[in-house]
Structures are given as C-alpha cells and as structure tokens.
Amino acid sequence: MKLPYAESYKIKMVEPIKKSTLKERAQWIKDAKYNLFNLKSEQVFVDLLTDSGTGAMSDRQWSAMMLGDESYAGASSYFKLKDAIKDLLGFDHFLPTHQGRAAENVLFSVLVKEGDVIPGNAHFDTTKGHIEFRKARAVDCTIDEAFDTTLDHPFKGNIDIKKLEKVIAETPKGKIPFILITITCNSAGGQPVSLANISEASAIAKKHGIPMIFDSARFAENAYFIKIREEGYHDKNVREIVKEMFSHADAMTMSSKKDAIVNMGGFIGLRSEDLFQKASVYNILFEGYVTYGGMSGRDMNALAQGLYEGTEFSYLESRIGQVAHLGQMLLEEGIPVQFPFGGHAIFVDAIRFLPQVPREQYIAQTLAIELYIEGGVRGVEIGTLLADRDPVSRENRYPELEMLRLAIPRRTYTNNHMAYVAASLKNVYDRRDEISYGLRIVQEAPIMRHFTVELEKVY
Ligand code: F0G
C-alpha cells in the first residue's frame, strides 16, 4: 500500500477557536454591512479569508527571532536574509519591505510611468492598484483555459504567448517597463505557471529588451506543481526548480506572508546594481533604511528560516495535499470548483453555484455570506467587487469568473477543519435554490473597494 502524505511537523502550541450560533452569525454579518472584512476574528470559526500572514511559524523560526539583531544599519539579521535569498533564489541584491505591496510600491516607483502598459497573468489586486495608481495599465494575458473551471489543464496560470505578443506589438516602444508573471497565479485560482511557459515568455521579453519581473508570493507552491506535473522535472528537487524559475527573472517582489510562512514581511530581489541603487532611495523613503526596510531584525531572521522551510518537499506535499483534500471533498459533493485545485486555496465557481443571482448583485459575495452564516467559515469574494470599477468609465468591471476563495493558512488547520468546511458548503449547496437575494453597494472607496465596501441585501 502506498503510504499517504502526512504533515511534516507535529503541534506544540494551540490557539482556541470558538463556535457560534446561526442566529448570532446572521446578526453579525448584517452588522458588518455584509462585508466579511468587517467581522471580528472571534466571530469566525474557520478563517479562510486569506493564506497571507496566517500561517503557523515553527519552533526554529521562533527561536531564530530571539537572535534578531535590531541594529539600525548593518544588522546580522539583514545579512542572514541576504544570504538565504542568494542561496535559494539567486538574487545578488535585495531590499526588505514590510509586505508584498510595499515591495511593489518601491519597485514600481522606479519603473512605472503614466501611460505605461504592464502585461501579465491576472495581476493581483494590490499589484494592479499600484499600476493604476500611477495611471498605467495592467493587461491580463492569462490563457483562456483558466476561465473554464471544469477544464483539466496542469498550468492554468500560464501566460498566453499570442496575447503577450499582441500587447507588445500594439504598444509603443518603451511603454512596457516590464512583463509581470505571478507565481502561482492567485487570481486565476492559485494556478501554477510552467517552466516551459516562463522560458517562452522570457525569450520574447529578451527579444524585445523588456525586463521580466515575478510576483513571487507563492513561488514554492509553483515549483512544487512543476515538479509534480511538468515533463522533465520529476527528478529535480524543489529548490533546483526554484532556482531555474528565478533564472528567468530580472527582479522579483515577494509577499513573505505566504510561502515564507511569516506573519509579516516582504522583499524585492534584484540582479541589477543600478536598479538596486534607484530602488534603495524609495525604500528609505517609504519603508526604512536599506538594511531593515519595513522589518525588524527578528522578523528578518524568522523569514530567512521560513524560506528554507517553505521550499521543503515534505512540507509542500502536505500543504498542497491538504488543499486538494478539501477540493476533493467538495468535488465529490458535486460543488463546482476550479479544477485542478490550486496551491493555496479552493476557488468555488459562484456562477455555477448560484446561477439565479444576477452578476450585478455580486454572486460570489452572496455565496460567501451564506457560507459564513451556515458554519462560521470566512472565505473571500474574488469577483466583481474585487475587480473594482474601470478607472476611466467608472463602470463595474465584470471578470471572467465569480469565485469564492477558500484560502488555507499554512500549518494552521487540521483535516477535520477541512471536513467541517466541506460540510458547511454542502449544506449551502443543498439549499441553494432557496437563496433568493443578491447585494447592492451602499458605500464604496474609489479603488480597492472590496476591503471597505458596505452592502445591503436586494430581493
Ligand atoms: N501578490 C500576490 C500574488 C498576492 O497574493 C498578494 C497578497 C500580494 C502580491 C500583496 O502582498 O499582502 O503582503 O502586501 N495577497 C493576499 C491574499 C492579501 O489574500 O491573496 P501583501
């Protein structure tokens, strides 16, 4: 008998979580203006809002924190992290930042100008926000297969090379500061990008003299999928694949809150000394001095250790195995989910789940509310609310898919929690025909509205 995967760790410390009643939750979500970000965490039983900063650190990470060097300049913790980044990712230069979007802010301050175009594979919302804030445009070139949740494709995060070439051909020379590849592609469902696709895109970038930048929040999960799914990589180890992936990048931004398994932190990895010098000025301005950026010494120590733990095969196997376990339970109940399952989350196809709710009434948000009321499980809408309005026409932008994302924190919940989530969603699925309302916006911010939007029910 083939032995199943099992967690590559055991539990030393626990944090109690509390159940509530259906009646309490119905009131709490109403008080929260039907925005799950407004809930208090004690009002949530299983919190799948995000996998960002919600992972459990190891004893080795906690002990590394005690050795943190809090010197303002030249801290040993900075050099420890610099060595880990060079060793694992291959970048000579790096800048610490307080999280991923801060890395975007610093790097894009150097590179992105008004009128620029940045092609990529479904840019993450803060990334798109930092592009549009500078009056530039993010163009999504993800392959069409990503938008059919029933289609089995091993690398739904891939960039469509024809779409990419078209954008390059149609954009005036010098107006594309870089091509941005997000690994894994969060917005398409935590879907990986193959090395074949990365190297094809990189060859095109080189041909046109355009730099390649990776948004690397879940780079280790991407490497794991390459090892498991891509021809020619089964015998390579995850760290070799990571190195090969990054060999195609001129620079990278990182939200360390994901695959580096820390609660806060980020960085920029760079090859060019010149770009490093230019970005350093903005890092000092926005984040902090070059050798700490937005992080304390102890946080840099925990991050350096987390980069090693996050790129271990046995850890990735159990982490991605748990996500797939949840996906499999949902699939067996006939619940429509993005297939194959993503690395960090299961994405429920809300249009197929609740076809009776009109798109302008925020289908995936309606589903997220129903799941919360049913079981105290908090997911997040990845749909029209998140997509924001078009910056010019101010009309709602309707993305290809309306998804409810169930993001799984790393090393945090057990498979019993996954079974609980699956049962909660199954109960909603069984009564889906009785859900006869949608939502209307009462108040919204001009950009990144989903965090603070206030909604009411419409029947
Ligand atoms: N890039 C990707 C692909 C992300 O998923 C995120 C964050 C960021 C950049 C920004 O990083 O949060 O550290 O500033 N994603 C979280 C999520 C928030 O829930 O998917 P950050």
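**Helix 6**

I began with the exposed side of helix 6 and noted that Lys162, Ala169 and Glu170 are exposed there. I am working from a predicted model.

I then turned to the other side of this helix, which spans residues 161-170, and found Ile161, Leu164, Val167 and Ile168 buried. Looking down the axis of helix 6, I see its buried residues within an arc of 125°, so they line one face of the helix.

What do the buried residues of helix 6 pack against? I listed strand 3 (117-120), strand 4 (137-140), strand 5 (179-182) and helix 7 (195-208).

I also checked the start of helix 6. There, I found a side-chain oxygen of aspartate 160 within 2.9 Å of the backbone nitrogen of lysine 162. Lys162 is thus entered twice in my notes, since I had already listed Lys162 as exposed.

**The ligand**

Next I looked at the shell around the ligand and noted 16 residues. Thr50, Arg101, Ser255, Lys258 and Arg405 come nearest. I sorted the shell into 1 nonpolar, 8 polar and 7 charged residues. Helix 4 (residues 100-111) gives the largest share of the shell, with 3 residues.

Which side chains did I look up for polar atoms beside the ligand? I have an N or O atom in the side chain of arginine 101 at 2.6 Å from a ligand oxygen. For arginine 405, I have an N or O atom of the side chain at 2.7 Å from an oxygen atom of the ligand. For aspartate 215, I noted a polar side-chain atom 2.7 Å from a nitrogen atom of the ligand.

Last, I looked up the cover: on its own the ligand has 470 Å² of accessible area, and the protein covers 94% of that.

Notes. Residues numbered from 1 in each chain as written. Predicted model: local features only at pLDDT ≥ 70, side-chain atom pairs only at ≥ 80, totals over all residues. Heavy atoms only, no water. Buried < 20%, exposed > 50% of the residue type's maximum accessible area, 1.4 Å probe, protein only. Helix = DSSP H or I, 4+ residues; strand = E, 2+ residues; numbered from the N terminus. Arc of directions from axis to C-beta. Contact = heavy atoms within 4.5 Å. Polar contact = N/O pair within 3.5 Å; in protein donor to acceptor, adjacent residues only side chain to side chain. Near = heavy atom within 4 Å. Areas by Shrake-Rupley, 256 points an atom, 1.4 Å probe, with all protein chains shown as cover. Nonpolar A, V, L, I, M, F, W, Y, C, P; charged D, E, K, R; others polar.
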